[in-house]
Amino acid sequence: MKATILIWITIILSLVLPVSAQQNRFLVSAAPVASPPSGMQAWRIRYWSKDDSGRPRQVTGMVVAPKKASPRISRKVIAWTHGTSGVAQQCAPSVSDRFFELTPALDAVRNGYVVVAPDYPGLGSAGAHPYLVGSITARATLDSVQAAREIPGSAAGRKFAVWGESQGGHAALWTGQRAKADGADLELVAVAAGAPPTDLAANFRLASDPNAKVFLLALTATSWSRYYKVPLAIGRKSTSAIMKRLAANCIATNQTPRFGALLGILTLRRDLRNFDFAATRPWSRFIAANSTKPVQSVPVLLAQTKDDPLVAASVTRKFARRLCRNNVRVRWIDLPGKDHATTARQSAVQTLKWIDDRFLKKTVPDDCGKNLKLK
């Protein structure tokens, strides 16, 4: 009798559940995008990953592939890890109507690559977004590549590079650190990072734009308070409420901040004038745990504007020297000016050529010599 019931349950589930739910380890769903750019096909995906406690979490993202018949061999993959879009659930880049415009890695699709763009946990999915929390973000990035491989039309292969900017640069470096432990049967060939936060304590202290500095602090503290389940007790009684209000907004690169947001930022500057986030517990502990380590098993490209107001060039250069001392081959791209948010776009041609050469197994250039004085 029990056997008969189990058989009927199996038959009913096979009729009700989608094929992906029956056969895939990572992919939950892949919804085709109606009007992707010419020559491309795209899917908004939902897939399984895990948090640092091993609990399953669903994550969203986007997969973009050439609009061609699947090749005989699997396609090369670039995992694009995006810069800060916010820490609220509605801030997922995959649902933005500017996704295709704001993702420089998509230039590679016309050269036959698949681009996988995870939103990160908590953006587009339930639960707290672990902003600048390296391990869970790296795992979600690796699992997004696994999920893309389960979309038949993508023909995504196991070999991939990871490229990110700002928060995504931090995610890219952490993905490089965690690839062997969490990447199962994936093969990472290169890591590229534009303006990546590395030594988070130094990054918080040396950011030269005071408005951006307190806004970043508000996003980070609010996110960490939720993710690590600690009180948001900073500054005056009203400070935490201001931080939460700022963190409820998404970052729109084409819009001027609202008056209320500007007023909140100015108030935080006053309240936190003498506050050292990186020296105050429990925040200092989280900062140390989520700073990147100069440990990579593949070549690394770093792109940095000279006068970046949010990620100081001196901090990134110091991290590059540490990579060099650990015998990592580093390609360093100096960019002019003081912009932060377009670092990847400015260096896209050089970065994509460098990534392509890593797949082709060409000689790896190394700037750890006298020219840039990285050693």
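1. The sheet is a good place to start. In this predicted model, 9 strands form an open sheet in the order β1-β2-β3-β5-β4-β6-β7-β8-β9, and the pairing is mixed. β1 (27–32) and β9 (330–335) are the edge strands, each pairing on one side only. On average, neighbouring strands of this sheet are turned by 20° against each other, direction ignored.

2. β5 deserves a closer look. Strand β5 (residues 114–118) has 5 of its 5 residues buried, so the rest of the structure largely encloses it. The burial covers both faces: Val-114, Val-116 and Pro-118 lie on one side, with Val-115 and Ala-117 on the other, and all are buried.

3. Now for the strands on either side of β5 in the sheet order. Strand β3 (residues 56–66) runs antiparallel to β5 and is joined to it by 4 bridges; here Met-62 has Ala-117 of β5 as its bridge partner. Strand β4 (residues 75–81) runs parallel to β5, with 3 bridges between the two, and Ala-79 has Val-116 of β5 as its bridge partner. Ala-117 and Val-116, the two β5 partners named here, are both buried, on opposite sides of the strand.

4. Further along the sheet, strand β6 (residues 156–165) and strand β7 (residues 187–194) run parallel and are joined by 7 bridges. Ala-161 stands opposite Ala-190 in β7. Helix α4 packs on the sheet, where it touches β4, β6, β7 and β8 (300–305), and its direction makes about 140° with that of β6.

5. Helix α4 also has a helical neighbour. Helix α3 (residues 134–149) packs against helix α4 (residues 167–182) at an angle of about 75°, and their axes are 8 Å apart. That angle makes α3 roughly perpendicular to α4. On the α3 side, the contact uses Gly-134, Ser-135, Thr-137, Ala-138, Arg-139, Thr-141 and Leu-142; these meet His-170, Ala-171, Trp-174, Thr-175, Arg-178, Ala-179 and Asp-182 of α4. The contact residues divide into 5 nonpolar, 6 polar and 3 charged.

6. On charge pairing, the whole structure holds 17 salt bridges. One of them links the side chains of Arg-139 and Asp-52, at 3.3 Å from N to O. Because Arg-139 lies in helix α3 and Asp-52 in the loop between β2 (40–50) and β3, this pair ties together parts that are 87 residues apart in sequence. Arg-139 is buried, with a relative accessible area of 14%, whereas Asp-52 is partly exposed at 39%. Another salt bridge joins the side chains of Arg-55 and Asp-51 (3.1 Å, N to O), and Asp-51 counts as buried at 8% relative accessibility.

7. Which salt bridge lies within helix α12 (residues 348–359)? Lys-353 pairs with Asp-357, their closest N and O atoms being 2.8 Å apart. Both residues lie in α12, 4 residues apart, about one turn of the helix. Lys-353 counts as partly exposed at 47% relative accessibility, while Asp-357 counts as buried at 12%.

8. One last item brings the charged residues back to the helix contact. Salt bridges that share partners join Asp-52, Arg-139, Arg-178 and Asp-182 into one network. Arg-139 of α3, together with Arg-178 and Asp-182 of α4, also takes part in the contact between the two helices.

Terms used:
Residues are numbered from 1 along each chain as its sequence is written. This is a predicted model: local features need pLDDT of at least 70, side-chain atom pairs count only at pLDDT 80 or more; totals for chains, interfaces and linings use all residues. Side-chain values use heavy atoms; hydrogens and water are left out. Axes are lines fitted to C-alpha atoms, for helices over the stretch in contact, and angles run from 0 to 180 degrees between N-to-C directions. Angles under 35 degrees count as roughly parallel, over 145 as roughly antiparallel, 65 to 115 as roughly perpendicular and the rest as oblique. Contact means heavy atoms within 4.5 Å. Ala, Val, Leu, Ile, Met, Phe, Trp, Tyr, Cys and Pro count as nonpolar, Asp, Glu, Lys and Arg as charged, and the others, Gly among them, as polar. Buried means under 20% relative accessible area, exposed over 50%, partly exposed in between (1.4 Å probe, protein chains only). Two strands pair if DSSP finds at least two bridges between them. A salt bridge is a side-chain nitrogen of Lys or Arg within 4 Å of a carboxyl oxygen of Asp or Glu.
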